[in-house]
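User: Could you walk me through this structure? I'm new to this, so please take it slowly.
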Amino acid sequence: MTKQPNILFIMSDDHAAHAMSCYGSRINQTPNIDRIANEGIRYDNCFCTNSICAPSRATILTGIYNHLNGVRTLGDKLDGRQPNFPKLLQASGYQTAIVGKWHLGQGGDNDPTGFDYWNVLPGQGKYFDPNFIENGEKKTYEGYVTDLITDLSLDWLCRRDKEQPFMLMCHHKAPHRPWVPDEKHAHLYDDIDIPEPKTFHDDYANRASAAAAATMRVDRDLKEEDVKGIPPEGLTPAQLKSWNYQRYIKDYLRCIASIDDNVGRLLDYLDQEGIADDTIVVYTSDQGFFLGDHGWYDKRFMYEESLRMPFVVRYPQEIKPGSVQSAMVLNVDFAATFLDYADVPIPESLQGTSLRPLNRGNVPEGWRTSMYYRYWMHLAHHGVYAHYGVRTDRYKLIYYYAEALGSTGAIDDPKPPEWELFDLRRDPHELNNIYADPAYAAIVKDLKDELHRLQHEVQDIGVVEI
């Protein structure tokens, strides 16, 4: 049996791929995260199955979709009695730990399970002087949360048994709203304007009504806490929108700069210990985020900026430096991947597939060319309608299904069902809904068939046949 590799899994909260220079960011630089990509592999089509924090985290841990792991919304808690990949690694001799954001409930069966050590933020956590829960005991630490999560991670790494492999999940709170930077980066970008995205002035024409109804617009829905001040008097609506954007995006990027610095600290530790070649390093985020795209902040929608996750992996023993992979992968695949590398049998119950062959540059025959997405939280936050859909390499079909669910969805304010279809090759910014275009009728039919096939494949039986 080959030596089991160490696993360092670093995940931030709401860090969009297009705010990473290894993904071609126009607005910031992330040299330490780039190092993982440059010395390993960058995935260009990694997607989440439900673009919201707790559900994505539950899927990553369990390797199954939200309708099966029980965490469909932010209000759901993860039942720790169910299987997860840390438990399986722990049983095979791994030392396991999680530090930072948990956000899957606390107390009883909702505390982290499968970890020898856990030290997590209660709820969302605070940026400064945060509370933590260390193996069930509440503690308060002085300092900035991103630094503290890294400090605690490094402390555990220093105390580990160096004769056994480890799996550490380092989960940053940043860059989650309200985007509070540390002192070191507080004035980064003071002397420049951050470029506005191409779709900043989207008017939501020719889209389903869900787009115009969403209350996450930069021009009107950011609060004083978000922009850290009151706008100057006399601004035109366009000037106010730009003012809000600059205040929001600069703090968001300042939080990312701190993450990047701390990623560098972890990479330096691996080098100093001489274990970089024996360690799988992952950097990802729980979902994407709108960085002024479509005039929005936040996530939730199945649109590309929200759906897409950054995912870069370094493992010198198997991954060629500078690799790029365009095959479609999902957060549901992560658990199976880690088990594969650890030479632990992958349970049949897992719904993901190991990415190990893709890391080596091989796309197995029959690899997925479509994915299923579902967002449940109808109007719960930011006025986003519940929807599900299918994405292929070229097309995306979205169904806003609220009224069709009726009482089974516990919906007090149903909306008429609507469809959206986007041709991602011709319309990469998803501005032109072509669902009703007769020229696409056959494609609509094929995509609906594929949507139904995927729903049955992943066992999402709580849907209405359409």
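User: Which residue's side chain meets that of Glu-273 in a salt bridge?

Analyst: The partner is Lys-162, and the N to O distance in this salt bridge is 3.0 Å. Please keep in mind that this is a predicted model, and that every value I quote is computed from it.

User: Where do Glu-273 and Lys-162 sit in the chain?

Analyst: Glu-273 belongs to helix 8, while Lys-162 is in the loop between helix 5 and strand 8 (166-171), so the pair links distant parts of the chain that are 111 residues apart. As for its surroundings, Glu-273 counts as partly exposed because its relative accessibility is 30%.

User: How many salt bridges are there by this rule?

Analyst: The count comes to 39. One of them joins the side chains of Glu-318 and Arg-360, with 3.0 Å from N to O. Glu-318 lies in the loop between strand 10 (311-314) and strand 11 (323-325), and Arg-360 lies in the loop between helix 11 (356-359) and strand 13, so this pair ties together parts that are 42 residues apart in sequence.

User: Is Glu-318 buried or exposed?

Analyst: Glu-318 counts as buried, because its relative accessibility is 19% and the cut-off for buried is under 20%. Its partner Arg-360, at 47% relative accessibility, counts as partly exposed.

User: And which residue forms a salt bridge with Arg-356?

Analyst: That is Asp-340, and the closest N and O atoms of the two are 3.4 Å apart. Arg-356 lies in helix 11 and Asp-340 in helix 10 (residues 334-341), so the pair ties together parts that are 16 residues apart in sequence. Arg-356 counts as buried at 18% relative accessibility, whereas Asp-340 is partly exposed, with a relative accessible area of 23%.

User: Why is helix 10 described as largely enclosed?

Analyst: Seven of the eight residues of helix 10 are buried, so the rest of the structure largely encloses this helix. The buried residues are Phe-334, Ala-335, Ala-336, Thr-337, Phe-338, Leu-339 and Tyr-341. Just after helix 10 comes Asp-343, which takes a positive phi of about 60 degrees.

User: Okay, new topic: which residues are linked in a network of salt bridges?

Analyst: The network links Arg-35, Glu-39, Asp-268, Asp-271 and Arg-314.

User: Back to helix 8 for a second: at what angle does helix 5 pack with helix 8?

Analyst: Helix 5 (residues 145-159) and helix 8 (residues 237-273) pack at about 10 degrees, and their axes are 9 Å apart. That angle makes helix 5 roughly parallel to helix 8, because angles under 35 degrees count as roughly parallel. The contact includes Thr-146, Leu-154 and Leu-157 of helix 5 together with Ile-259, Leu-266 and Tyr-269 of helix 8. Sorted by class, the contact has six nonpolar, five polar and three charged residues.

User: Now strands: what covers strand 9, and how many of its residues are buried?

Analyst: Seven of the seven residues of strand 9 (residues 279-285) are buried, so the rest of the structure largely encloses this strand. Both faces are covered, with Thr-279, Val-281, Tyr-283 and Ser-285 buried on one side and Ile-280, Val-282 and Thr-284 buried on the other. In a regular strand the side chains alternate between the two faces of the sheet.

User: Which strands are joined to strand 9?

Analyst: Strand 1 (residues 6-12) runs parallel to strand 9 and is joined to it by seven bridges, with Phe-9 standing opposite Val-282. Strand 10 runs antiparallel to strand 9, and four bridges join them; here Thr-284 has Phe-311 as its bridge partner.

User: What is the strand order in the open sheet of four strands?

Analyst: The order is 13-14-15-16, with antiparallel pairing. Strand 13 (370-375) and strand 16 (418-423) are the edge strands, each pairing on one side only, and the twist averages 10 degrees from one strand to the next. Strand 15 (residues 395-400) pairs with strand 16 over six bridges, and Ile-398 stands opposite Glu-420 in strand 16.

User: Which helix lies across those strands?

Analyst: Helix 13 (residues 441-457) lies across strands 13, 14, 15 and 16, and it runs at about 110 degrees to strand 14 (387-392).

How values were computed
Residues are numbered from 1 along each chain as its sequence is written. This is a predicted model: local features need pLDDT of at least 70, side-chain atom pairs count only at pLDDT 80 or more; totals for chains, interfaces and linings use all residues. Side-chain values use heavy atoms; hydrogens and water are left out. Two strands pair if DSSP finds at least two bridges between them. Helices (H or I, at least four residues) and strands (E, at least two) are DSSP runs, numbered from the N terminus. Axes are lines fitted to C-alpha atoms, for helices over the stretch in contact, and angles run from 0 to 180 degrees between N-to-C directions. Contact means heavy atoms within 4.5 Å. Angles under 35 degrees count as roughly parallel, over 145 as roughly antiparallel, 65 to 115 as roughly perpendicular and the rest as oblique. Ala, Val, Leu, Ile, Met, Phe, Trp, Tyr, Cys and Pro count as nonpolar, Asp, Glu, Lys and Arg as charged, and the others, Gly among them, as polar. A salt bridge is a side-chain nitrogen of Lys or Arg within 4 Å of a carboxyl oxygen of Asp or Glu. Buried means under 20% relative accessible area, exposed over 50%, partly exposed in between (1.4 Å probe, protein chains only).
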